[in-house]
Amino acid sequence: MTAGIIDLMGIIQQFQQSINHPALTRVKILVIEDERKLARFIKQGLEQHGHVVDLAHTGSEGLDQVAGGLYDLVLLDLMLPGQTGFEVLKNLRAFGLMVPVMILSALSDSDKVVEGLDLGAIDYLRKPFDFNELLARIRVLQRRTHSGDNVVLRMADLEMRLVSHEVFKAGIKLELTNREFALLELFMRRIGLLVTKNEIAEKVWAADYDMGSNVIEVHIYQLRKKLDAVGTRGLIETLISRGYRLKSV
């Protein structure tokens, strides 16, 4: 999108005026937007409300970041260079990446809105948009999530309820630590795909990780034991010198 279509100064004023309306909880958000100035303003406004925000400026870059990160929400432009937002939505679902997506687009044709929603987006906000409306829609998503309409990851009879932090195998609840839960979530978001040790360190441990330790191996061992105990033996594969993979079942 060109900068002229978006009232950037209006957006700045709106999120400055909205500081008195804090977020319900912190949300980790990926903004996929090729207009860099607009993307930075959205990031700044959301971060002022306590959210954690990453940016991607092409569809391919955004897909890579979703695959490697644990995001609560993606804000997606449709008119992206190379891979359009529609293609991003198709690929997210094809890869089993079920992160909620809200479209932010200047395309106002009702057919485009319907197409985006049919491809799996949860909401559609037209540009130029009121920043307070964006915040309100994020709060609606949070309330919907906290009211029990949980985001759920599933593979066969293995189910992860992300908000309540519960994992069930064939109806049996697994008692996982926070680290084990984060590990399993990372694997569940990338079923059948390689997850490297560096990716695990970055996404699950962040600054707390000591590169000289075997803490990742220990936690994966413990997670495997708990999965084995409910009949999912061999679910997490070790790929020698490469990383780990969650086998699809």
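Which residues gather in a patch of negative charge on the surface? In this predicted model, the patch is made up of Asp109, Asp111, Glu115 and Asp118. Asp118 sits in helix H5, which covers residues 110-118. With a relative accessibility of 65%, Asp118 counts as exposed, because anything over 50% falls in that class.

Stepping back to the whole chain, the fold has nine helices and twelve strands. The protein chain has 249 residues, and 45% of them count as buried. About 11,900 Å² of the chain is exposed, and carbon and sulfur atoms supply 50% of that area. Contacts also say something about how the chain is put together: among those between residues at least 6 apart in sequence, 60% join residues at least 24 apart.

Helix H3 gives a look at the buried part of the model. This helix runs over residues 59-68, and its buried residues are Gly59, Gly62, Leu63, Val66, Ala67 and Gly68. As background, an α-helix has 3.6 residues a turn, so residues three or four places apart point the same way. What do the buried residues of H3 pack against? On the strand side of the list come S1 (28-32), S2 (52-56) and S3 (73-76). The helices that these buried residues pack against are H4 (85-94), H7 (178-188) and H8 (197-205).

The loop between strand S5 (123-126) and helix H6 (131-146) is worth a stop too. Phe129 lies in this loop, and at 5% relative accessibility it counts as buried. Phe129 and Leu104 are 25 residues apart in sequence, yet their C-alpha atoms are 8.4 Å apart in space. Pro128 is also found in the loop between S5 and H6. The peptide bond leading from Lys127 to Pro128 is cis, with omega near -10°. For context, most peptide bonds are trans, and most residues other than glycine have a negative phi.

That second habit has exceptions here as well. Ala170, for one, has a phi near 50°, a positive value in a residue other than glycine. Where is Ala170 found? Its place is the loop between strand S8 (166-169) and strand S9 (172-174). Ala170 is exposed, with a relative accessible area of 52%. Ser241 also has a positive phi, about 65°, although it is not a glycine. Ser241 sits in the loop between strand S11 (236-239) and strand S12 (243-246), and its relative accessible area of 80% makes it exposed.

Next come the charged pairs. Side chains of opposite charge can pair when their charged atoms come close. How many salt bridges does the model have? The count comes to 15. One of them links Lys226 and Glu180, with the closest N and O atoms 2.7 Å apart. Lys226 is in helix H9 (residues 215-228) and Glu180 is in helix H7, so this pair ties together parts that are 46 residues apart in sequence. The two partners sit in rather unlike surroundings: Lys226 is partly exposed at 27% relative accessibility, whereas Glu180 counts as buried at 4%.

Another salt bridge joins the side chains of Glu217 and Lys197, at 2.9 Å from N to O. Glu217 belongs to helix H9 and Lys197 to helix H8, so the pair ties together parts that are 20 residues apart in sequence. Glu217 has a relative accessible area of 30% and is partly exposed. Lys197, at 28%, counts as partly exposed too.

Salt bridges can also share partners, and here that joins Arg154, Glu159, Arg161, Glu166 and Lys173 into one network. Within this group, the side chains of Glu166 and Arg161 meet in a salt bridge with an N to O distance of 3.9 Å. Is Arg161 buried, partly exposed or exposed? Its relative accessibility is 29%, so Arg161 counts as partly exposed.

Conventions
Residues numbered from 1 in each chain as written. Predicted model: local features only at pLDDT ≥ 70, side-chain atom pairs only at ≥ 80, totals over all residues. Heavy atoms only, no water. Patch = residues over 30% accessible without salt bridge, like charges linked within 9 Å, V, L, I, M, F, W, Y side chains within 5 Å. Areas by Shrake-Rupley, 256 points an atom, 1.4 Å probe, with all protein chains shown as cover. Salt bridge = Lys/Arg side-chain N within 4 Å of Asp/Glu carboxyl O. Lys, Arg positive; Asp, Glu negative; His and termini not counted. Charge placed at Lys NZ, Arg CZ, Asp CG, Glu CD. Helix = DSSP H or I, 4+ residues; strand = E, 2+ residues; numbered from the N terminus. Buried < 20%, exposed > 50% of the residue type's maximum accessible area, 1.4 Å probe, protein only. Contact = heavy atoms within 4.5 Å.
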